[in-house]
Amino acid sequence: LEAFADVIAERATALGGMVMGTVRAAAGTSSIEEFPGETFESSEVVEALVERVAAYGASARESIERSEELEDMATNDLMIDVARGADKFLYLLEAHLQG
């Protein structure tokens, strides 16, 4: 999912937005819940990742709908790729939990 960060930032600036590329700025504006600091057991870590990757995918799908409403098909295509990447990663994480 990290691979999408630069592409999303490039699209945001192409649309006239301003991108703050620091971890602090990203964390401060993220809608994804912070990772629990007390989580150390492998299954708990994977479960926490599942929750956050699912939220990331849901956000990407909301962006797909919104960009379609705005007839911004370039952003729409980008967010479809992001959602696919999130879904693939989520599948792998959930498979790990199933053993």
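Two residues are said to be in contact when heavy atoms of theirs lie within 4.5 Å. In this predicted model, Ile64 touches Asn76, Met79, Ile80 and Ala83 by that criterion, residues up to four places away in sequence being left out of the count. Ile64 itself is found in helix α3. Its relative accessibility is 15%, which is under the 20% limit, and Ile64 therefore counts as buried. Distance along the chain and distance in space can both be stated for Ile64 and Val23: the two are 41 residues apart in sequence, and their C-alpha atoms are separated by 25 Å.

The overall architecture is considered next. The secondary structure of the protein consists of four helices and zero strands, and the order of elements from the N terminus on is α-α-α-α. Along its principal axes, the C-alpha trace extends over about 45 × 30 × 20 Å. The protein has 99 residues, and 21% of them are buried. Among contacts with a separation of 6 or more, 59% are made by residues 24 or more positions apart. One pair that is distant in sequence consists of Ala3 and Gly85, which are 82 residues apart along the chain and have C-alpha atoms 9.5 Å apart in space. Ala3 is located in the segment before α1. With a relative accessibility of 65%, Ala3 counts as exposed, because the limit for that class is over 50%.

The interior contains a largest nonpolar core of seven residues, namely Phe4, Ala60, Ile64, Leu78, Met79, Val82 and Ala83. Two or more residues of this core are supplied by each of α3 and α4. The largest share, four residues, comes from α4. Met79, one of the core residues, is in contact with Ala60, Ser63 and Ile64 when neighbours within four places in sequence are set aside. A second core, separate and made of six residues, includes Val46, Val50, Val53 and Leu93.

Polar and charged residues also occupy buried positions. Ser67 lies in helix α3 and counts as buried, with a relative accessibility of 4%. Beyond residues up to four places away in sequence, Ser67 touches Asp72, Thr75 and Asn76. Arg52 is likewise located in helix α3, which covers residues 42–69. The relative accessible area of Arg52 is 10%, and this residue is therefore buried. A polar atom of the Arg52 side chain lies 2.9 Å from the backbone oxygen of Ala48. Outside its neighbours within four places in sequence, Arg52 is in contact with Ile32, Glu33, Glu34, Phe35 and Pro36.

Open space in the model was also examined. Rolling a probe the size of a water molecule over the atoms shows where empty space is left. The largest pocket holds about 1400 Å³ of space. Its lining comprises 33 residues, and those nearest its centre are Ala5, Ala26, Ser30, Ile32 and Tyr56. Two or more lining residues are given by each of α1 (4–14), α2 (23–29), α3 and α4 (73–98). The greatest contribution is that of α3, with seven residues. Sorted by class, the lining has 22 nonpolar, eight polar and three charged residues. Ala26, one of the residues nearest the centre of the pocket, belongs to helix α2. The relative accessible area of Ala26 is 42%, and Ala26 is therefore partly exposed. Ala26 and Ala54 are 28 residues apart along the chain, and their C-alpha atoms are separated by 18 Å.

Finally, one position is marked by its backbone geometry. Most residues other than glycine have a negative phi. Glu71 is not a glycine, yet its phi is positive, at about 60°. This residue is placed in the loop between α3 and α4. Its relative accessibility is 68%, so Glu71 counts as exposed.

Terms used:
Residues numbered from 1 in each chain as written. Predicted model: local features only at pLDDT ≥ 70, side-chain atom pairs only at ≥ 80, totals over all residues. Heavy atoms only, no water. Buried < 20%, exposed > 50% of the residue type's maximum accessible area, 1.4 Å probe, protein only. Polar contact = N/O pair within 3.5 Å; in protein donor to acceptor, adjacent residues only side chain to side chain. 1 Å grid on protein atoms, 1.4 Å probe; cavity = no way out; pocket = protein on both sides within 12 Å on 5 of 7 lines; lining within 4 Å. Points joined across faces, edges and corners; volume = space filled by probe spheres on them. Nonpolar A, V, L, I, M, F, W, Y, C, P; charged D, E, K, R; others polar. Core = buried A, V, L, I, M, F, W, Y, C linked by side-chain atoms within 4.5 Å.
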